[in-house]
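Here is a short briefing on one protein chain. Please look over the sequence and the model before reading on.

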Amino acid sequence: AASDVYKRQEMFPELRNDLELLSLASYFAQAADVLSPEGEENPPFVSLLLNALYALGRLGLPQKLVKAVFELRAMCLSGYEPDRFNISQGVLQCAACRTEEENDIRLPMSAGTRAALRYLDSAPSSRVFSFRLAEPSLSELGQITESYLCTRLERGFSTLDFYKSLFL
């Protein structure tokens with residue numbers, strides 16, 4: 001009915017009225033489209049997407065935090081859960097684990113970032129947005145989750161490029 005369409009349009013008005021939030025929400029939708037099997041229902045993934053939009057619009061959580069949480073949890077829900085974080089292999093490794101002959105993509109990380117990754121990997125879905133992380137660990141977390149998503153999926157996202165262009 002027409003009233004249902006109106007309700008859906010008004011669900012996140014904060015996102016519609018802010019170009020940064022709208023572009024980030026568009027990136028989430030594009031990533032969800034890529035990560036969700038076509039024609040299959042995926043309630044945990046839909047819940048993650050809606051919670052991310054709610055966290056951006058209604059809760060006003062930092063965009064970097066919401067983006068990083070969405071990226072990592074979306075990958076986990078899609079079967080790309082990392083054991084350790086070697087970007088190209090999808091694993092989290094300490095520096096001592098690397099051998100000289102390995103030529104993999106690795107990103108150094110602080111203790112705060114490691115703790116956030118562990119939390120996001122194991123937290124119940126209802127609590128994934130219930131942590132805070134200060135800079136520079138928050139930026140570091142975002143770089144890692146974005147790199148992980150794009151590297152493991154072997155693709156970029158036009159909506160992510162647009163979102164990032166807003167900050168240049």
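The notes below cover the overall fold, the salt bridges, one helix face and one surface patch.

This is a predicted model, in which local features need pLDDT of at least 70, side-chain atom pairs count only at pLDDT 80 or more, and totals for chains, interfaces and linings use all residues. Residues are numbered from 1 along each chain as its sequence is written, and side-chain values use heavy atoms, with hydrogens and water left out. The protein chain has 8 helices and 0 strands.

**Overall fold**

- From the N terminus on, the elements run α-α-α-α-α-α-α-α. Helices (H or I, at least four residues) and strands (E, at least two) are DSSP runs, numbered from the N terminus.
- The chain has 168 residues, and 42% of them count as buried. Buried means under 20% relative accessible area, exposed means over 50%, and partly exposed lies in between (1.4 Å probe, protein chains only).
- Take the contacts between residues at least 6 apart in sequence: 69% of these join residues at least 24 apart. A contact means heavy atoms within 4.5 Å.
- The chain exposes about 9500 Å², and carbon and sulfur atoms supply 53% of that area. Accessible areas come from the Shrake-Rupley method with a 1.4 Å probe; for residues, only the protein chains shown count as cover.

**Salt bridges**

- The count comes to 5 salt bridges. The rule asks for a side-chain nitrogen of Lys or Arg within 4 Å of a carboxyl oxygen of Asp or Glu.
- Glu135 pairs with Lys64 in one salt bridge, at 2.9 Å from N to O. This pair links distant parts of the chain, 71 residues apart: Glu135 sits in the loop between helix H6 (111-122) and helix H7 (137-153), Lys64 in helix H5 (residues 63-77).
- Both ends of that bridge are partly exposed: Glu135 has 43% relative accessibility, and Lys64 has 41%.
- Glu71 and Lys67 form another salt bridge, with their closest N and O atoms 2.9 Å apart. Both residues lie in helix H5, 4 residues apart, about one turn of the helix.
- Both of these partners are buried, Glu71 at 0% relative accessibility and Lys67 at 7%.
- Glu146 bridges to Lys164, the closest N and O atoms being 2.6 Å apart. Glu146 belongs to helix H7 and Lys164 to helix H8 (residues 158-165), so the pair ties together parts 18 residues apart in sequence.
- Here Glu146 counts as buried at 16% relative accessibility, whereas Lys164 is partly exposed at 38%.
- Lys67, Glu71, Glu146 and Lys164 form one network through salt bridges that share partners.

**The two faces of helix H8**

- Which residues of H8 are buried? They are Thr159, Leu160 and Tyr163.
- Seen down the axis of H8, these buried residues fall within an arc of 100°, so they line one face of the helix. The arc is that of the directions from the helix axis to the C-beta atoms.
- The buried residues of H8 pack against helix H3 (19-35), H5 and H7.
- Ser158 and Asp161 are exposed, on the face of H8 turned away from its buried side.

**A nonpolar surface patch**

- Met11, Val46 and Leu50 make a nonpolar surface patch of about 240 Å². Patches take residues with over 30% relative accessible area and no salt bridge; like charges are joined within 9 Å, nonpolar side chains (Val, Leu, Ile, Met, Phe, Trp, Tyr) within 5 Å.
- Val46 is in helix H4 (residues 43-57). Val46 is partly exposed, with a relative accessible area of 46%.
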